[in-house]
Amino acid sequence: MTLTWTTKPFEALSLAELYALLQLRSEVFVVEQTCAFQDIDGQDQAAFHLLGYTETGELAAYSRLFGAGISYPEASIGRVVVSPKFRRYGLGRELLRESIGAVAGLFGAQPIQIGAQLYLQQFYESFGFRQVGEGYLEDGIPHIHMVRA
């Protein structure tokens with residue numbers, strides 16, 4: 001499966017794009033993970049949004065990207081999500097590769113920090129991320145901070 005990738009600042013998102021990304025985030029982070037939390041957290045306006053579309057125009061993958069000093073001292077990637085409908089095609093790996101490349105393209109080559117769900121530690125390590133600090137609970141889900149130098 002081939003995706004078409006686009007990266008946009010918040011103010012460049014169309015209403016349809018904003019709706020699709022919020023719907024996908026809610027589908028996975030709130031409903032699938034049964035986690036009632038404030039997804040719309042006031043940080044979307046400061047983010048760049050990476051959207052991966054199928055050939056038919058469906059949003060299959062998404063992440064949000066921040067420059068240094070917004071979420072963490074380093075640049076960061078968050079809300080990394082692949083639609084359940086499009087899993088098992090390797091899109092998670094493609095999404096993370098695109099996210100890392102987009103951060104470098106937007107902000108220059110630099111360390112990237114993430115707050116990763118603990119069960120995905122090995123996945124992120126395969127991209128050069130390493131755990132920093134102790135684990136923590138976020139909305140009842142075990143997480144760790146990771147940095148890619």
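Here is a short conversation about strand S4 and the largest pocket of this predicted model.

Biologist: Happy to start with the basics: which pLDDT do local features need here?
Modeller: Residues are numbered from 1 along each chain as its sequence is written, and side-chain values use heavy atoms, with hydrogens and water left out. This is a predicted model, where totals for chains, interfaces and linings use all residues, side-chain atom pairs count only at pLDDT 80 or more, and local features need pLDDT of at least 70.

Biologist: Thanks! How many residues of strand S4 are buried?
Modeller: Strands are DSSP runs of E, at least two residues long, and helices are runs of H or I of at least four, numbered from the N terminus. Buried means under 20% relative accessible area with a 1.4 Å probe, protein chains only. S4 spans residues 75-82 and is largely enclosed by the rest of the structure, because the buried ones number 7 of the 8.

Biologist: Which residue stands opposite Ser 76?
Modeller: Two strands pair if DSSP finds at least two bridges between them. S3 (residues 59-66) pairs with S4 in the antiparallel sense over 5 bridges, and there Ala 61 stands opposite Val 82. S4 and S5 (residues 112-117) run parallel, joined by 2 bridges. In S5, the residue opposite Ser 76 is Gln 113.

Biologist: Lovely. Which element gives the largest share of the lining of the largest pocket?
Modeller: The residues of that lining divide into 22 nonpolar, 11 polar and 8 charged, where nonpolar covers Ala, Val, Leu, Ile, Met, Phe, Trp, Tyr, Cys and Pro, charged covers Asp, Glu, Lys and Arg, and polar the others, Gly among them. Elements supplying at least two residues each include H1 (15-32) and S7 (141-148). The largest share, 7 residues, comes from S4.

Conventions. Buried < 20%, exposed > 50% of the residue type's maximum accessible area, 1.4 Å probe, protein only.
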